[in-house]
Amino acid sequence: MCTDILIIHNERNSEMKHLIICFLAVVLAIPAQAETLRTAAGAGYKKVVEQWAHLYEKQTGDKVERIYGNMGQVTAQVKQGGGICLVIGEKSYLSSHGLPIVSFRSIGQGRPALVTRKGLTLSRVDDLNNAEFKRIVAPDYEKAIYGRAAHQILDHDNYRHLLDKTMAVGTVPRSGGYAISGEVDAAFINMTFALANQDKFGSLVELTEGFQPIEIVVGTLSGCEEKPEVKQFVGLLQSDAMQANKLAAGL
């Protein structure tokens with residue numbers, strides 16, 4: 001009798017072990033679902049980041065949460081936490097603002113631009129000295145990279161007087177928006193925004209000198225470097241589609 005009970009007990013244990021093994025095999029076979037990736041970027045790079053995010057979402061089926069603003073707003077948001085893993089902006093700015101970035105990956109070189117409202121044209125910065133250019137705007141030079149570039153360009157003997165009539169307005173899109181609406185005569189922006197809206201300006205000039213080089217990067221924040229969604233998103237930078245997107249976006 002005791003022998004029969006022992007045999008039944010052992011059979012039940014064997015069945016239970018088999019069920020556990022089968023359950024683990026099924027669970028391990030299911031791929032882990034990626035977390036929603038959170039990114040923060042300078043507003044002037046919205047076009048390229050949007051294309052980048054759409055490419056990632058199409059390939060993976062996972063979502064990318066995007067936050068945009070001037071770089072002062074972006075760095076403040078990153079410092080507050082909230083699960084942001086990637087930050088996109090200018091390397092020297094990001095490096096000097098105490099962010100917990102563990103690595104950088106280059107996206108491209110930033111290119112400042114000068115545009116005018118419809119009805120006005122120029123071909124160089126010198127033309128801002130002409131009488132018709134009474135209202136000029138630029139991004140905030142203390143918080144936005146292209147505002148800093150504009151300030152560096154104008155902070156020379158031939159242009160310094162223009163600083164007094166150049167109004168700081170926050171971000172690249174806001175600066176360009178004033179030119180599009182005709183509220184100002186000229187605006188300093190970047191080629192990313194300029195190319196995306198070139199038919200809305202009277203003229204567009206790429207600026208190539210008078211400012212420090214602008215290296216645009218994506219920085220990976222501490223604690224995110226091993227996340228699969230981060231690796232996959234950053235890895236897309238090397239794809240043919242992203243290379244084409246970057247060129248089209250003026251980087």
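How many of the six residues of β1 are buried? In this predicted model, six of the six are, so β1 is largely enclosed by the rest of the structure. That strand makes a convenient starting point for a walk through the fold, which begins with the overall picture and then takes up the two sheets, the helices that accompany them and the nonpolar core.

The protein chain contains nine helices and 10 strands. Of its 251 residues, 45% are buried. The accessible surface amounts to about 13100 Å², and carbon and sulfur atoms account for 53% of that area. Contacts reach well along the sequence: among those between residues at least 6 apart, 76% join residues at least 24 apart.

β1 belongs to an open sheet of five strands, arranged in the order β2-β1-β3-β10-β4 with mixed pairing. The edges are taken by β2 (64-69) and β4 (101-109); each has a single partner strand, so one side of each is left without a neighbour in the sheet. From one strand to the next, the twist averages 20°. Both senses of pairing can be illustrated here. β1 and β2 run parallel and are joined by six bridges, with Thr 39 standing opposite Arg 66 of β2. At the other edge, β4 pairs with β10 (residues 215-221) in the antiparallel sense over seven bridges, and Phe 104 stands opposite Gly 219 in β10. Helix α3 (residues 71-79) packs on this sheet, where it touches β1 (37-42), β2, β3 (86-90) and β10. The direction of α3 makes about 150° with that of β1.

Arg 66 also appears in the surroundings of helix α2, the helix that holds Glu 50. Is Glu 50 buried or exposed? The relative accessibility of Glu 50 is 18%, and because the cut-off for a buried residue is under 20%, Glu 50 counts as buried. Beyond residues up to four places away in sequence, Glu 50 touches Arg 66 and Tyr 68.

Helix α2 (46-60) returns in the description of α9, since the buried residues of α9 pack against α2 and β4. Those buried residues of α9 (residues 240-248) are Met 242, Asn 245 and Lys 246. They cover an arc of only 100° around the axis, which puts them on the same side of α9. Asp 240 and Leu 247, on the other side of α9, are exposed. Just after this helix comes Gly 250, with a positive phi of about 80°.

A further open sheet of five strands follows the order β7-β6-β8-β5-β9, and its pairing is mixed. Here β7 (166-168) and β9 (203-206) stand at the edges; since each has a single partner strand, one side of each is left without a neighbour in the sheet. The twist in this sheet averages 25° from one strand to the next. β5 and β8 run antiparallel and are joined by five bridges, in which Ala 113 has Ile 189 of β8 as its bridge partner. α5 lies across β5, β6, β7 and β8, running at about 125° to β8. α6 also packs on the sheet, touching β5, β6 and β8, and its direction makes about 145° with that of β8.

Which residues of α6 (residues 172-181) are buried? They are Val 172, Ser 175, Gly 176, Tyr 178 and Ala 179. Seen down the axis of α6, these buried residues fall within an arc of 150°, so they line one face of the helix. Their cover includes β5 (112-116), β6 (136-138), α5 (145-154), β8 (186-190) and α7 (191-196). Gly 182 follows α6 and has a positive phi, near 85°.

Finally, the nonpolar core deserves a look. In soluble globular proteins, nonpolar side chains tend to be buried together. The largest nonpolar core in this model has 74 residues, and those with the most contacts inside it are Trp 52, Leu 128, Phe 188 and Ile 189. Ile 189, already met as the bridge partner of Ala 113, has a varied set of neighbours. Not counting residues up to four places away in sequence, Ile 189 touches Pro 112, Ala 113, Val 115, Tyr 146, Val 172, Ser 175, Gly 176, Ala 194 and Phe 201. Among these, Val 172, Ser 175 and Gly 176 are buried residues of α6.

How values were computed: Residues are numbered from 1 along each chain as its sequence is written. This is a predicted model: local features need pLDDT of at least 70, side-chain atom pairs count only at pLDDT 80 or more; totals for chains, interfaces and linings use all residues. Side-chain values use heavy atoms; hydrogens and water are left out. Two strands pair if DSSP finds at least two bridges between them. Helices (H or I, at least four residues) and strands (E, at least two) are DSSP runs, numbered from the N terminus. Axes are lines fitted to C-alpha atoms, for helices over the stretch in contact, and angles run from 0 to 180 degrees between N-to-C directions. Contact means heavy atoms within 4.5 Å. A nonpolar core is a set of buried Ala, Val, Leu, Ile, Met, Phe, Trp, Tyr and Cys residues joined through side-chain atoms within 4.5 Å. Buried means under 20% relative accessible area, exposed over 50%, partly exposed in between (1.4 Å probe, protein chains only). The arc is that of the directions from the helix axis to the C-beta atoms. Accessible areas come from the Shrake-Rupley method with a 1.4 Å probe; for residues, only the protein chains shown count as cover.
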